[in-house]
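Trainee: I would like a close look at one part of this model, a helix and the helices it packs against. Please take me through the contacts residue by residue.

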Amino acid sequence: TTQFVEIPPAKPFVDARPTIVIGAGPAGLAAANLIRAQGGEVMILEARSRVGGRVHTDRETFSAPVDLGASIVTGVSEDPKRRTGMPWLGVRADPSGVVARQLGLRLVELREGCPLYDTKTGEKVSKEMDEKVERIRDLVMDEARSKVDANGESATAESSLGKALKEATENYFLRLVQDDGNDSDDSETHAAVREATAARTGLTERRLLDWHWANLEYGCSAGLNDISLPFWNQDEQYGGFGGAHCMVGEGYSTIMTRLAEGLDIRMDTPVTEINHDDDGVRVRTKDGQEIEGCAVVVTIPLGCLKAGDVAFNPPLGASKSSAVQRLGFGNLNKVVLEFDEVFWDDSVDYFGSAIDSTENRGRGFMFWNLKNVSGKPMLISLIAGEAAKSAETEGSESIVKSACATLASICFPNDPSKMPPLKQSIVTRWQSDPYARGSYSYVAVGSKGSYDYDELGKPEGRVLFAGEHTCKEHPDTVGGAMLTGWRAARQALAIAQGEDVRIEIFDLEEMRAAIAKRNVDEDYELDEDEDLVDHMIDRAEMSHRRMQEDLLADAGKEEAKRIYRITSAAEFGEKLDVSAALAATMDRLRTVPGRRALINALLEDVSASDRRAWALKYGGFKLLNEWLIEINAHIKSTEALLLTTKMLELLLLAPADLPALRSSGIPRTLKNRFQTHESGRLRFLAKQCGHKWMRALSRKSAGLPPLEEDEDVAKKTMKMPQRKKPAGLGAAVLFGGGKAMENVEDDGVDVAVDLVADNVEIDLGKTEAQKRAERDAVIAKAQDLPEGQAAIAARIAADRAKETVEAAMRAAEEAQRIAREAELSATAGIRISKKDVISSFDDFSNAAGKKRERAQEKSKKRKAGDDEDDEDDEDAAPSVSLDEYQARIRKQVRAYVHQQLAEKRERDIVSKAECKKIEEKLVEKILENSSGVNDTDKAFMTSKRKEKIKSLVSAYCSSTIKARGNKKSKNAAN
């Protein structure tokens, strides 16, 4: 039967005073709407004569509406499968886009593609050159980021993105200048010549690269020298909003106007002071009014907070005040141009212009084509970075003239005078606006990134905060501002209803740790009257698991021995293609120890030529990619993490053969699985690999010779510690006549050992029998040495240990046989399926195949309608009596229900006593209404039944909460 759960009534308000919202922008309007929808009193104080704040549509100057402030809806549909840096999949849609769809507004999707023009030549940049510069940009940004990966975020907190990018850019072009091999003593002069040559190299690439830096300054609304190196893109891990980017045909302000309908908004009312205490708030306006409320939601821009436009009494806490000053608030301006006709490429929505000036690279670096949105021949020229600062004090006529000159150099490079006359224009100056003081927030040098965003969003008593500068997940977006408005509204409602205020801020690292703990810890808390024995793993099953783990460990040792045999054979001069042998063995390795032994051999024991042959000739890259994909889902143990680290270190040493890498799929695997991995070491190695490959690709595109494979440089790049070699022992000493010479460094860290064999010669032309005889003679001679005696003793001990293990296994098998016979005689008629006894690793490795065969055979019998029992079916559950089966089912159901209720109890939804009552009712109800309790041949706790149990638990908890509320109401009435 269908059960209906009644939604509990809205909680009553204990404070009838209104919530005061300062600012009628996206955050303020979102907060006021939610408070009103929940039955609360709310009023908005707005300093301007319009709503929207930095969302402003000009409907009077031009032939169609134009957005002078925010203009792009950054995603209009959720994407449930997008992978982000969060512990779950999926992203939401931009709330402003959702509201626009609900209002039936026309959303115009922006087309992909942004052609780039070189204003110095007037030509469109070719696809090849565009892709080349993008590769350079990625290399430079990776090198800049590597400083953070190597030194940590705290150590680089005072570093600017601009300085790091400038150094990385110069390093890139310096590396392109080949050393002429001059070995003169005048090294400083030689270095100066190289630097001067590098400065003249790639002038076109530098100019186009400046356009990319201007685009980055537009995204951050600040000059690169003001932006934090470690935290500039702190919001990237959250994934943004889902869906296409759009513009609102009627103008972005249409959404704000509709949200403002029916709200109590007092225009032209700037706020100057907020007094607050435990009893309420009193807000003073510029004209001397004092308005009292139960709480206040402050949504004024960060620029106004930094300027102290609103005084707080008592002052804000030290943490929030520091965050206000640390976080940056940038500037971005627009130049709107309207013409009588379209003379630019109307097939694109935006196009870029590379300016031949690093200082003014952000001045008119991009044009937005509004024809598709407005239907009119209009463009918007953007001014970003340092250019936006200087434009604040420059005359509008000069700015418009500059924008038109840039446009003419693109559309009419041969004769700029042919450009049609300008019909209308306007220039924005957001930094000069006293109620904005800029465009949107960015992470400035010295800022703490997401911590500062969180700090700005925390309430201080009855003073609540909202706005894009309080949203670390979606800063500088209208959607992010709306989300924080709803958050502040929930907090204001809690104050008005006499409840505690929830901060609603989470720490991502703590969340990851909690999820990991929950995934590992599958036990649940027991009540006092529950028996712990009921929830223990069966001893026989535990013994079986341990036996499998021991066999797996033995298998790892055997696989590692195969690798050692190959490398040892090569060391003794046997004719063996090491790279082919390792590649052939690699395909048969199944354990972590075996795979780690092979990777270590490739890293330390084989030559560079053998490593190259393994990777390119014998398909080593493809097999390595399969290992990386397989192990990525299981990087929880220390051994697996170490193996993954070694595999990435091997990639740094392997040849940068781009076709082979592409065909293997390794670059895609590293990008998708390891460049954003939670392990800093794996992220660093993955990015170093990408840097090496991109550098090789850039040199190939530039027609330069490939990089020489330098093993020492590669090891230095991944900062691998040198493996210390034992002093005074080696093959030459065991052969006899060899001399061990130590060379100990002054610092006492590294010990270099040279082994010189005077009397030993290995003739590679000897027959196999001669080699074997010589090897036996060497071993016999070595037995007289102390080290040889120790080796013999160790081998004898190993043989004895092996015999002990085999005897223990035989004893275990005999005990298992006796236990089966005893159980068989005790159960008198109850059939127990015979289990296979695994006595060797070969049996264990074939278990999976046997299991599949039995499953296929069972499936064929079921299809044929054969219901007879299969005596040899390992997968079938042992036949038991119905009472025993139902008792087992009862324990399983009770355990699962208890687990679900434990979560509710931890969140204070229901009490412990209520949990016990619900548990008893639910267990009986499930067993009474489920037909599966009588079918001993099928599993009872299926995933579908678990979902039903979850729903029942939620329904019973809701009913309990409702009953509790009704009881309180009756008691209050009495």
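Mentor: What follows covers helix H4 and its two packing partners, with a short view of the whole chain first. The model is predicted. The protein chain has 974 residues, of which 42% count as buried, and it contains 32 helices and 26 strands. Among its contacts with a separation of 6 or more, 74% join residues 24 or more positions apart. The accessible surface is about 52,300 Å², and carbon and sulfur atoms contribute 50% of that.

Take the packing of H3 on H4 to begin with. The axes of H3 and H4 are 8 Å apart and meet at an angle of about 120°. Because angles over 115 and up to 145 degrees fall outside the perpendicular and antiparallel classes, H3 counts as oblique to H4. The crossing of H3 over H4 is right-handed. On the H3 side, the contact uses Ile136, Leu139, Val140, Met141, Glu143, Ala144 and Lys147. On the H4 side, Ala164, Leu165, Glu167, Ala168, Thr169, Asn171, Tyr172 and Arg175 take part. By class, nine residues of this contact are nonpolar, two are polar and four are charged.

One of the charged residues here deserves a separate look. Glutamate 143 lies in helix H3, which spans residues 127-151. Its relative accessibility is 16%, so glutamate 143 counts as buried, the cut-off being under 20%. Leaving aside residues up to four places away in sequence, glutamate 143 touches Ala168, Asn171, Arg175 and His691. Of these, Ala168, Asn171 and Arg175 are among the H4 residues that meet H3.

Now the other partner. Helix H4 (residues 161-176) packs with helix H6 (residues 203-220) at an angle of about 160°, and their axes are 13 Å apart. That angle makes H4 roughly antiparallel to H6. H4 passes H6 in a right-handed crossing. From H4, the contact draws on Leu161, Leu165, Thr169, Glu170 and Phe173, and from H6 on Glu205, Arg206, Leu209, Trp213 and Leu216. Six of the residues in this contact are nonpolar, one is polar and three are charged.

Set side by side, the two lists for H4 share some residues. Leu165 and Thr169 appear in the contact with H3 and also in the contact with H6. Several of the H4 positions facing H6 are spaced at intervals of four, including Leu161, Leu165 and Thr169. An α-helix has 3.6 residues a turn, so residues three or four places apart point the same way.

Terms used
Residues are numbered from 1 along each chain as its sequence is written. This is a predicted model: local features need pLDDT of at least 70, side-chain atom pairs count only at pLDDT 80 or more; totals for chains, interfaces and linings use all residues. Side-chain values use heavy atoms; hydrogens and water are left out. Axes are lines fitted to C-alpha atoms, for helices over the stretch in contact, and angles run from 0 to 180 degrees between N-to-C directions. Angles under 35 degrees count as roughly parallel, over 145 as roughly antiparallel, 65 to 115 as roughly perpendicular and the rest as oblique. A crossing is left-handed if the near helix is turned anticlockwise from the far one by less than a right angle, and right-handed if clockwise. Contact means heavy atoms within 4.5 Å. Ala, Val, Leu, Ile, Met, Phe, Trp, Tyr, Cys and Pro count as nonpolar, Asp, Glu, Lys and Arg as charged, and the others, Gly among them, as polar. Buried means under 20% relative accessible area, exposed over 50%, partly exposed in between (1.4 Å probe, protein chains only). Accessible areas come from the Shrake-Rupley method with a 1.4 Å probe; for residues, only the protein chains shown count as cover.
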